[in-house]
Amino acid sequence: MTTRLPLDEQLAALQDTLSRNETLLEVMNRTATLDLPGWYLTAGCLFQTVWNVVTGRPPAEGIKDYDVFYFDDGDLSWEAEDKVIRAAADVFADLPAEVEVRNEARVHLWYEEKFGVPCAPYTSTEAAIDSFAATTCCLGVRLTTDGRWRVYAPHGLSDVFGLVVRPNPVLAPRAVYEAKTARRRRQWPELTALEWPTA
């Protein structure tokens with residue numbers, strides 16, 4: 001069982017599992033050509049690929065989009081981010097999936113309006129990944145310049161392979177966690193979703 005493997009073997013299993021999603025591999029390879037600072041492919045496309053493979057579904061089934069985070073605090077204007085988004089759109093134009101590219105250095109400028117709680121400025125892409133509503137989502141993968149995989153998984157990989165959704169109450173409100181969890185359980189009924197902690 002993958003959840004019981006030593007961490008180095010879990011990392012190898014993660015790479016093997018994610019490599020079954022050809023769209024994901026293509027997004028990673030093309031993102032590497034954009035030379036974005038501190039970038040990671042992150043969130044749903046990663047753990048949902050694992051869930052699909054573990055439960056015997058096609059690797060890319062039900063994956064709505066592919067999130068690419070990067071961190072550039074040198075220019076926090078929307079115009080600078082939009083320039084990157086448009087360049088990325090050209091690179092991904094022929095892929096059969098939506099790729100969403102976002103500068104995590106700008107999140108604090110819009111987060112409260114969207115989610116109802118303030119967000120302190122992030123200091124890195126990793127800090128942004130740390131704040132997802134579920135620990136299972138806190139996962140990022142990128143290619144290094146020499147083609148190796150760099151994996152960021154602050155909560156490990158056991159829950160990802162074990163189909164466990166665990167709340168991460170550091171930023172996102174409870175309602176966000178519960179709404180996303182309910183949607184995911186409809187698609188992957190095999191999931192074990194843990195309750196939001198009470199004070």
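Reader: Which residues does E81 touch, leaving out those up to four places away in sequence?

Author: This is a predicted model, and in it E81 has its place in helix α4. At 3% relative accessibility, E81 counts as buried. Not counting residues up to four places away in sequence, E81 touches Y70, V101, R102, N103 and R106.

Reader: Some of those are in β3, so which β3 side chains point to the buried face?

Author: Strand β3 covers residues 98-103, and its side chains alternate along the strand. E98, E100 and R102 point to one face and are not buried. The side chains pointing to the other face, the buried ones, are V99, V101 and N103.

Reader: And which residue of β3 is the bridge partner of V68?

Author: Strand β2 takes in residues 65-70 and runs parallel to β3, with six bridges joining the two. One of the pairings puts D67 opposite E100. For V68, the bridge partner in β3 is V101.

Reader: OK, zooming out: which strands stand at the edges of the sheet?

Author: Five strands form an open sheet with mixed pairing, in the order β3-β2-β1-β4-β5. Each edge strand has a single partner strand, so one side of it is left without a neighbour in the sheet. The edge strands are β3 and β5 (149-152).

Reader: What does the twist average from one strand to the next?

Author: We're still on the open sheet ordered β3-β2-β1-β4-β5. From one strand to the next, its twist averages 30°.

Reader: What about α3, at what angle does it run to β1?

Author: Helix α3 spans residues 44-54. It lies across three strands, β1 (40-42), β2 and β4 (140-143). Its angle to β1 is about 55°.

Reader: Is L46 buried or exposed?

Author: L46 lies in helix α3. Not counting residues up to four places away in sequence, L46 touches L18, L24, L41, L139, G140 and V141. Its relative accessible area is 0%, and the cut-off for buried is under 20%. So L46 is buried.

Reader: How far apart are the C-alpha atoms of L46 and E113?

Author: Along the chain, L46 and E113 are 67 residues apart. In space, their C-alpha atoms are separated by 27 Å.

Reader: Is α1 roughly parallel or roughly perpendicular to α3?

Author: The axes of α1 (residues 7-18) and α3 come within 9 Å and cross at roughly 85°. Angles of 65 to 115 degrees count as roughly perpendicular. That makes α1, relative to α3, roughly perpendicular.

Reader: How many of the residues in that α1 and α3 contact are nonpolar?

Author: From α1 the contact has L14, T17 and L18, which meet L46, T49, V50 and V53 in α3. Sorted by type, no charged residues turn up, two are polar, and the nonpolar ones number five.

Reader: Now α2 and α4: which handedness does their crossing have?

Author: The axes of α2 (residues 22-34) and α4 (residues 78-92) come within 10 Å and cross at roughly 135°. That makes α2 oblique to α4. The handedness of the crossing is right-handed.

Reader: How many charged residues does the contact of α2 with α4 have?

Author: On the α2 side we have V27, R30, T31, T33 and L34, and they meet A87, A88, V91 and F92 in α4. Six residues of this contact are nonpolar and two are polar. The charged count is one.

Reader: Which residues is L34 in contact with, leaving aside neighbours within four places in sequence?

Author: L34 has its place in helix α2. Its C-alpha atom and that of V68 are separated by 11 Å, with the two residues 34 apart along the chain. Neighbours within four places aside, L34 is in contact with A87, A88, V91 and F92.

Reader: Is D35 buried or exposed?

Author: D35 is found in the loop between α2 and β1. Phi of D35 is near 55°, a positive value in a residue other than glycine. Most residues other than glycine have a negative phi. With a relative accessible area of 67%, D35 is exposed.

Reader: What about A43, buried or exposed?

Author: A43 lies in the loop between β1 and α3. Phi of A43 is near 70°, a positive value in a residue other than glycine. The relative accessible area of A43 is 9%, so A43 is buried.

Note on methods
Residues are numbered from 1 along each chain as its sequence is written. This is a predicted model: local features need pLDDT of at least 70, side-chain atom pairs count only at pLDDT 80 or more; totals for chains, interfaces and linings use all residues. Side-chain values use heavy atoms; hydrogens and water are left out. Axes are lines fitted to C-alpha atoms, for helices over the stretch in contact, and angles run from 0 to 180 degrees between N-to-C directions. Helices (H or I, at least four residues) and strands (E, at least two) are DSSP runs, numbered from the N terminus. Angles under 35 degrees count as roughly parallel, over 145 as roughly antiparallel, 65 to 115 as roughly perpendicular and the rest as oblique. A crossing is left-handed if the near helix is turned anticlockwise from the far one by less than a right angle, and right-handed if clockwise. Contact means heavy atoms within 4.5 Å. Ala, Val, Leu, Ile, Met, Phe, Trp, Tyr, Cys and Pro count as nonpolar, Asp, Glu, Lys and Arg as charged, and the others, Gly among them, as polar. Buried means under 20% relative accessible area, exposed over 50%, partly exposed in between (1.4 Å probe, protein chains only). Two strands pair if DSSP finds at least two bridges between them.
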